[in-house]
Amino acid sequence: MTSKEDLLTNKIFLNAALPLMKTIAEDDPKIHKMFSIVHCIYQVSCLDPDAPGGKYATHFQVNCDEWKVHPRVEPHPMIEIEFPSVQALNSFFKGKIGLDTLPKMKGVVRYPQYFVPFITCLLKMANLLGMTEAPEDVDTKRLLVKCYFYLLTSGISQLNKNGDEEVHGWALKSPDRVYAFDVEGEPSVAAFIRVKAGKTKAGRGVYKRAMPFFTMQFDSLDSALGILMGTADMLQFTREKKLNMLGAPEYGATLGNFMMKVGAMAK
């Protein structure tokens with residue numbers, strides 16, 4: 001039987017990490033060009049006897065530069081990467097690759113021209129999230145920070161929606177509040193999570209309807225990557241004003257704990 005921890009980790013990979021492929025395809029010029037003539041339904045799935053229909057999945061409807069992401073099973077994908085179990089998918093995305101974690105590649109022979117862009121984008125995502133040092137290229141830094149912010153906000157929301165006791169308990173007690181991440185002078189990387197009475201929703205960009213209840217704001221992309229990649233000390237950066245807790249700083253520790261929980265599951 002699949003453990004609750006394995007299922008929570010699986011939801012983070014399927015519903016928070018994999019959707020980053022859309023972001024990468026939109027922001028990386030080379031990969032964006034590869035999808036310019038693609039019309040395909042892709043799916044990444046894992047088998048589980050306790051899942052509705054016997055599997056969990058996320059699928060993508062791609063029409064040239066338009067991507068739609070759906071956190072559910074598509075019965076008839078054109079190309080599918082199917083893992084033999086929840087644990088196999090989790091291990092694969094954590095970089096623990098073995099014979100028991102390798103997926104089946106369905107539809108590749110029939111649609112080889114559509115498979116290459118997808119696997120290239122998937123490998124790009126894995127390479128970005130697997131970096132241990134900040135990249136030198138500014139565009140890559142910007143994309144990496146955006147991916148981290150999106151992963152963290154979506155990951156926290158997924159933990160709440162799928163029954164993590166700590167995160168769900170926090171969400172249940174919360175009035176309508178928005179928690180945001182941003183970098184000064186870099187509005188394109190911003191992300192937020194809205195919390196209200198047990199419900200959460202991750203969002204992209206700057207939240208404009210009202211002032212966020214709490215914002216974790218970095219002074220630069222490099223400062224953001226220092227914290228996000230675990231190579232810098234949060235307290236030191238706060239003292240040096242490289243990281244500012246805006247709005248309700250006493251809530252920074254809670255958000256930081258949830259960030260680390262998502263990060264630990266995804267490693």
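This short presentation covers the aromatic contacts and the two largest pockets of the structure shown above. Please keep in mind that the model is predicted.

Let us begin with the aromatic rings. How many aromatic pairs does the structure hold? The count is 18. One of them joins Phe-13 and Phe-93 in a stacked arrangement, with 5.7 Å from centre to centre and 25° between the planes. This pair connects distant parts of the chain, for Phe-13 belongs to helix H1 (residues 4–17) and Phe-93 to helix H4 (residues 86–93), and the two are 80 residues apart. Phe-13 and Phe-93 are both buried.

Phe-93 also forms a pair with Phe-92, and that pair is edge-to-face: 5.7 Å centre to centre, with 80° between the planes. Is Phe-93 buried or exposed? Phe-93 has a relative accessible area of 18%, so it counts as buried, the limit being under 20%. Phe-92, at 23%, is therefore classed as partly exposed.

Elsewhere, ring pairs join six residues into a cluster: Trp-170, Tyr-179, Phe-213, Phe-214, Tyr-251 and Phe-258. A charged side chain meets one member of this cluster, as Arg-177 lies over the face of Phe-213, 4.0 Å from the ring centre. In a similar way, Arg-204 lies over the face of Tyr-150, at 4.1 Å from the ring centre.

I turn now to the pockets. The largest pocket holds about 970 Å³ of space. Its lining comprises 41 residues, and those nearest the centre are Leu-129, Tyr-148, Gly-263, Ala-266 and Lys-267. Which element supplies the largest share of this lining? Helix H10 (252–266) does, with 8 residues. Other elements that each give at least two residues include H1, H4, strand E4 (79–83) and helix H5 (112–129). By type, the lining of the largest pocket consists of 30 nonpolar, 9 polar and 2 charged residues.

The second largest pocket has a volume of about 460 Å³. It is lined by 19 residues, of which Asn-15, Pro-19, Ser-154, Ala-202 and Arg-204 are the closest to its centre. Arg-204 is thus a residue we have already met, over the face of Tyr-150. Two or more lining residues come from each of H1, helix H2 (20–27), H6 and strand E8 (199–204), and H6 gives the largest share, 5 residues. This lining divides into 8 nonpolar, 7 polar and 4 charged residues.

Key
Residues are numbered from 1 along each chain as its sequence is written. This is a predicted model: local features need pLDDT of at least 70, side-chain atom pairs count only at pLDDT 80 or more; totals for chains, interfaces and linings use all residues. Side-chain values use heavy atoms; hydrogens and water are left out. Rings of Phe, Tyr and Trp (its six-membered ring) pair if their centres lie within 6.5 Å; planes under 30 degrees apart count as stacked, over 60 as edge-to-face and the rest as tilted. Helices (H or I, at least four residues) and strands (E, at least two) are DSSP runs, numbered from the N terminus. Buried means under 20% relative accessible area, exposed over 50%, partly exposed in between (1.4 Å probe, protein chains only). A charge sits over a ring if NZ of Lys or CZ of Arg is within 6 Å of the ring centre and within 35 degrees of the ring normal. On a 1 Å grid over the protein atoms alone, a cavity is a set of points where a 1.4 Å probe fits but cannot get out, and a pocket is an open set with protein on both sides within 12 Å along at least five of seven lines; lining residues have an atom within 4 Å of a point. Grid points are joined across faces, edges and corners, and a volume is the space filled by probe spheres set on the points. Ala, Val, Leu, Ile, Met, Phe, Trp, Tyr, Cys and Pro count as nonpolar, Asp, Glu, Lys and Arg as charged, and the others, Gly among them, as polar.
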